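Student: Please show me how to read a model like this one, feature by feature. I am happy to have the definitions along the way.

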Amino acid sequence: MKKLITTPIYYVNDIAHLGHAYTTLAADVLTRFFREQGEQVFFLTGTDEHGAKIAESAKKEGKDPKEFCDEKSELFKKTWENLNIKYDHFVRTTDEKHEKAVKKFLENLKDSIYEKEYEGLYCTGCEKFLTEKELVDGLCPDHKKEPEKIKEKNYFFKLKDYLNKVEKLIESGKLKIEPDFARKETLALLKQDLDDFSISRQKVKWGIEFPFDKNQTIYVWFEALLNYVSSIGYGTDEFNEWWDDAEIVHLLAKDILKFHTIYWPAILLAAKQKTPDKEFIHGFFTVDGQKMSKTIGNVIDPNDIVNEFGVDGARYLLLSQFPFGQDGDFKKEKFIEKYNSDLANGLGNLVARVLKLATDKKLEPEKNILDRTKQTRDNYLEYFKDFKLFEVLNEIWKLIAFCNEYIDKNKPWESENREQIISNLLYAISEIAFLIEPFLPETSEKIKKQLENNKSIILFKRMLSIT
RNA sequence: CGCGGGGUGGAGCAGUAGUAGCUCGCCUGGCUCAUAACCAGGAGGUCGUGGGUGCAAUUCCCACCCCCGCAACCA
């Protein structure tokens with residue numbers, strides 16, 4: 001079975017932070033796992049580069065928008081490289097391929113689009129229309145500015161025509177939304193009778209020209225969703241190969257739930273395309289118990305974690321803090337603690353102590369070891385298929401704990417049965433090296449190499465914690 | 001009545017209608033192969049408050065209190 005695994009495309013107005021890294025890393029781990037299982041996987045990520053906000057930011061830096069996007073987009077790529085994230089395609093919404101596909105898609109959506117005069121109160125600070133209810137003393141609550149009354153012609157997508165169908169997709173399980181909270185929230189949103197939404201902007205210049213009206217550009221959010229099809233060749237023959245024939249899996253955080261679980265399937269239905277098979281939504285993070293925010297200044301740059309803990313250290317720390325899908329808190333202090341106990345004292349130390357006792361003579365592993373490792377592998381597969389990355393890690397670390405107990409009980413350094421005991425352990429370690437591969441690809445390689453030449457080199461150096 | 005998450009041993013979290021578990025820390029002991037690591041045992045909790053249903057509730061129901069996230073540049 002083929003799989004198309006995607007992350008959202010990230011808005012280049014900001015540099016990559018922990019949230020972006022988390023989603024992208026999870027996608028990378030899943031990709032590596034499913035490949036290991038013999039499946040063909042296409043892993044897609046990228047950047048979202050249009051919109052008034054981008055144009056504004058570029059102007060502030062005295063750059064033209066494209067130049068600005070080139071730079072920011074490059075920073076995302078660099079970050080993924082630092083985290084050893086191997087995507088198959090990095091889409092940019094300023095790519096010619098994307099623009100062409102988007103226009104073509106709109107042509108095919110023509111029957112579900114209509115134009116309407118729209119009059120509203122527009123705040124130039126927010127770059128959006130506000131309702132009377134949102135105003136405080138007649139002013140925009142965020143910018144303390146009086147909004148302008150603007151009359152604008154917009155093109156709308158007939159969302160209402162598809163709401164029932166989307167609901168059916170979800171209820172029938174044809175579109176799986178996980179975890180359950182996200183599925184429930186989507187169904188609740190569907191019951192609120194959402195309105196048709198505008199897919200064009202008259203005021204925004206930095207965007208893709210709207211095919212039916214050259215005075216307008218395509219609304220960024222609408223255009224951004226189309227990256228999923230433009231990237232794999234919408235409008236060309238190769239498209240079907242990855243859209244129709246693959247299981248489509250979207251990974252995203254809960255803030256953009258509505259766009260992905262309702263708008264996106266509706267748009268696809270309207271364009272007579274296959275809808276996604278699964279959408280997995282993860283939660284939000286706090287840092288040291290506080291929300292992550294630029295104003296508070298506690299935004300974590302994933303590159304800093306890599307610098308401090310190494311690539312695999314960073315990869316492990318990001319995914320081992322709390323269950324995938326839930327909200328969670330990242331604590332700097334806990335990073336060091338977890339790094340020391342799990343990576344240095346746990347995995348690293350185990351490999352070192354066993355290799356020290358190893359000789360070239362290797363025997364077949366005994367049944368109890370085979371049974372124990374098989375148990376881990378079975379649970380591992382089961383959890384992985386449900387995207388339970390946190391539980392997968394737990395399972396592997398239980399096997400590491402088992403090995404440590406096994407050594408202490410059997411005292412290979414003084415046992416007559418030394419060779420058999422060590423062989424058993426070496427087998428277990430080779431199994432661990434295999435299991436950690438999706439999470440810790442470099443470490444996995446290092447262990448395999450060490451097993452070959454019986455030489456142990458420190459995998460994770462113990463770190464002093466700040467007291 | 002905006003939406004959502006949560007209040008469990010020192011810290012961070014699991015969990016279930018019927019002797020309360022895990023990780024880290026702490027104490028004691030063991031071991032010496034290892035990255036001052038590893039193993040065993042232990043101390044430590046009236047499971048937010050007040051009611052209700054049950055033979056039995058931390059677990060179900062109701063009310064209340066408190067904390068946090070989204071709604072505000074940001075996954």
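Tutor: Let's begin with the elements: helices (H or I, at least four residues) and strands (E, at least two) are DSSP runs, numbered from the N terminus. This is a predicted model, where local features need pLDDT of at least 70, side-chain atom pairs count only at pLDDT 80 or more, and totals for chains, interfaces and linings use all residues, while side-chain values use heavy atoms, without hydrogens and water. Residues are numbered from 1 along each chain as its sequence is written, with chains lettered from A and ligands numbered from 1 in the order in which they are written.

Student: Where is Asn84 found?

Tutor: Asn84 sits in the loop between α3 (65–82) and β3. Its phi is near 60°, a positive value in a residue other than glycine. Another loop, between β7 (176–178) and α6 (180–190), holds Pro179. A cis peptide bond joins Glu178 to Pro179, with omega about -10°.

Student: Which residues line the second largest pocket?

Tutor: First, the idea: rolling a probe the size of a water molecule over the atoms shows where empty space is left. On a 1 Å grid over the protein atoms alone, a cavity is a set of points where a 1.4 Å probe fits but cannot get out; a pocket is an open set with protein on both sides within 12 Å along at least five of seven lines, and lining residues have an atom within 4 Å of a point. Here Glu178 and Pro179 belong to the lining, together with Phe181, Phe280, Pro323, Phe324, Gly325, Gln326, Asp386, Phe387, Lys388 and Glu391. Domain 1 (2–283) and domain 2 (331–453) each contribute at least three residues to this lining; the domain bounds come from an automatic or database domain assignment. The pocket has a volume of about 170 Å³, counted as the space filled by probe spheres set on the points, which are joined across faces, edges and corners.

Student: How many cavities of 30 Å³ or more does the structure hold?

Tutor: One. The largest cavity encloses about 30 Å³ of space, and its lining consists of His89, Val91, Asp95, Lys97, His98, Ser230 and Ser231. At least two of the lining residues come from each of β3 (89–92) and α4 (96–109).

Student: Which residues come nearest to RNA strand B?

Tutor: A residue is near a strand if one of its heavy atoms lies within 4 Å of it. Of the 41 residues around RNA strand B, the nearest are His17, Ala253, Asn349, Arg353 and Arg462. Sugar and phosphate make up 66% of the strand's atoms that come within 4 Å of the protein. Among the elements, α12 gives the most to this surface, with ten residues.

Student: What distances do Lys334 and Asp408 show to the strand?

Tutor: An N or O atom in the side chain of Lys334 is 3.0 Å from a sugar or linking oxygen of RNA strand B. For the side chain of Asp408, the corresponding distance to a sugar or linking oxygen is 2.8 Å. A base nitrogen of the strand, in turn, is 2.6 Å from a polar backbone atom of Phe460.

Student: How many aromatic pairs does the structure hold?

Tutor: There are 35. Rings of Phe, Tyr and Trp (its six-membered ring) pair if their centres lie within 6.5 Å; planes under 30 degrees apart count as stacked, over 60 as edge-to-face and the rest as tilted. Phe309 and Tyr339 have ring centres 5.4 Å apart and planes at 50°, so this pair is tilted. Phe309 lies in helix α11 (residues 302–319) and Tyr339 in helix α12, so the pair ties together parts that are 30 residues apart in sequence.

Key
Polar contact = N/O pair within 3.5 Å; in protein donor to acceptor, adjacent residues only side chain to side chain.
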